[in-house]
Amino acid sequence: MDFNPNNIGIANGNYFALPYTAEESEIVLLSVPWDVTTSYRAGTHKGPKAMIDASCQIDLFDPLVPNAWEIAIGTLPPIRGIGSKNRNIRKTAEEVITALEQEQPPASYARALSLVNDACTTLNQTVYQTTRAQLAKGKLVGIAGGEHSVPLGLIRALCDHYPKFGILHIDAHADLRCAYEGFLYSHASIMYNALQSPNITTLVQVGIRDFCGDEVDLIQSRSSIHCFTDELIHRHLFEGATWRQLCVQMIEKLPDHVYISFDIDGLTPDHCPNTGTPVPGGLTFREADYLLHTLALSGKKIIGFDLCEVAPGKNDEWDANVGARLLYKLCCYCHLNGCK
């Protein structure tokens, strides 16, 4: 293969400008540019393309993963028609959000709400079918969003393959709301919807710092949910705990098989200033990297992942630059973990 990892990356439509096809790859990435239910700032539908563009200039050497450039990471074709569908349905969702803000009667936006929920149901099914086919081929699948609702189809596909597994959820938000704003598959409901499957036995949440009373009640009522809030994490750090000690505690709560769900706003806002719902606080890039690397070496099996809510700015690619590097780390650590 005529590929030199020390040369500049030549844009070829693949993540990290790698030459591998999806068919020959051990890890495949599916872009899902969807931000229909975003409740504050839209724009995360631009994330996957922006990360592909930014990833071309990433140096492929990784000091923790020998010969990282040799990891066969493939890029799946985009879902047909998803861009135009997202634009149209996003406008419909905005009608619902406006009606709610104006306290209009439910009947006035019932049809619009139904259209949004139907479109999201169809998207989930498409992601499910696409990723299920890849899992059947023995691939490890990662999703690049898009808003954080989009990995539900992959999580459901994984439920067909694993009788039980846990989720490591890094985020600023708990995402445990039921049908937020009436949207059954809201970005604020991804973990609520995921937990409807009995296959998911454990949810470990890290960096959470924005949540409502209903979510707190759910967390406190479920022994399977372990929430390491940003406030709790930093209280322990300020009082003498090490980050390694906390990472070990988080990982110990997880079962043998682990899915990683990473919302970029789990990082500090200087890493993702243009994301849909930024919140002060959060993990540094290095803290997140250390947690992921520690998980990869823990003996627990990583079975898939998503990275969502990356939104490029109008005049810079910083968010995409950070997101692309985090995506590369996720791929490298999955390989290190033994994804074959």
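**View 1. G282 sits buried in a loop, with a relative accessible area of 5%.** Here, buried means under 20% relative accessible area, exposed over 50% and partly exposed in between, with a 1.4 Å probe and protein chains only. This is a predicted model, in which local features need pLDDT of at least 70, side-chain atom pairs count only at pLDDT 80 or more, and totals for chains, interfaces and linings use all residues. Residues are numbered from 1 along each chain as its sequence is written, and side-chain values use heavy atoms, with hydrogens and water left out. The loop holding G282 runs between β7 and α9 (285–296); helices (H or I, at least four residues) and strands (E, at least two) are DSSP runs, numbered from the N terminus. Setting aside neighbours within four places in sequence, G282 is in contact (heavy atoms within 4.5 Å) with R209, D230, H234, G266, L267, T268 and E287. D265 is 17 residues from G282 along the chain, and their C-alpha atoms are separated by 7.7 Å.

**View 2. Eight strands line up in an open, parallel sheet.** Reading across, the order is β2-β1-β3-β8-β7-β4-β5-β6. At the edges are β2 (73–75) and β6 (225–229), each pairing on one side only; two strands count as paired if DSSP finds at least two bridges between them. On average, neighbouring strands are turned by 20° against each other, direction ignored. Those angles are taken between N-to-C directions, from 0 to 180 degrees, using axes that are lines fitted to C-alpha atoms, for helices over the stretch in contact.

**View 3. Strand β8 (residues 301–308) is mostly covered, with seven of its eight residues buried.** On one pairing, β3 (residues 140–145) runs parallel to β8 and is joined to it by three bridges, with I143 partnered by D306. β7 also pairs with β8 in the parallel sense, over seven bridges, and there H257 stands opposite K301. Follow β7 (residues 257–263) to β4 (residues 165–170) and you find five bridges between these parallel strands, with H169 opposite S261.

**View 4. Helix α2 (residues 82–101) has a good share of its residues tucked away: I82, N86, I89, R90, T92, A93, V96, I97 and A99 are buried.** Their cover includes β1 (27–32) and α3 (110–136). The length checks out too: at 1.5 Å a residue, the 20 residues of α2 should span 28 Å, and the end C-alpha atoms are indeed 28 Å apart. That expected span is 1.5 Å times one less than the number of residues. Just past α2, E103 takes a positive phi of about 55°.

**View 5. N124 in helix α3 is buried, at 4% relative accessibility.** Not counting residues up to four places away in sequence, N124 touches S149, L152, G153, R156 and Y185.

**View 6. Helices α1 (residues 47–55) and α10 (residues 318–337) pack at about 75°, with axes 8 Å apart.** The two are therefore roughly perpendicular, a label for 65 to 115 degrees; under 35 is roughly parallel, over 145 roughly antiparallel and the rest oblique. From α1 come A50, M51, A54 and S55, which meet A320, N321, G323 and A324 of α10. By class, this contact has five nonpolar, three polar and no charged residues. Ala, Val, Leu, Ile, Met, Phe, Trp, Tyr, Cys and Pro count as nonpolar, Asp, Glu, Lys and Arg as charged, and the others, Gly among them, as polar.
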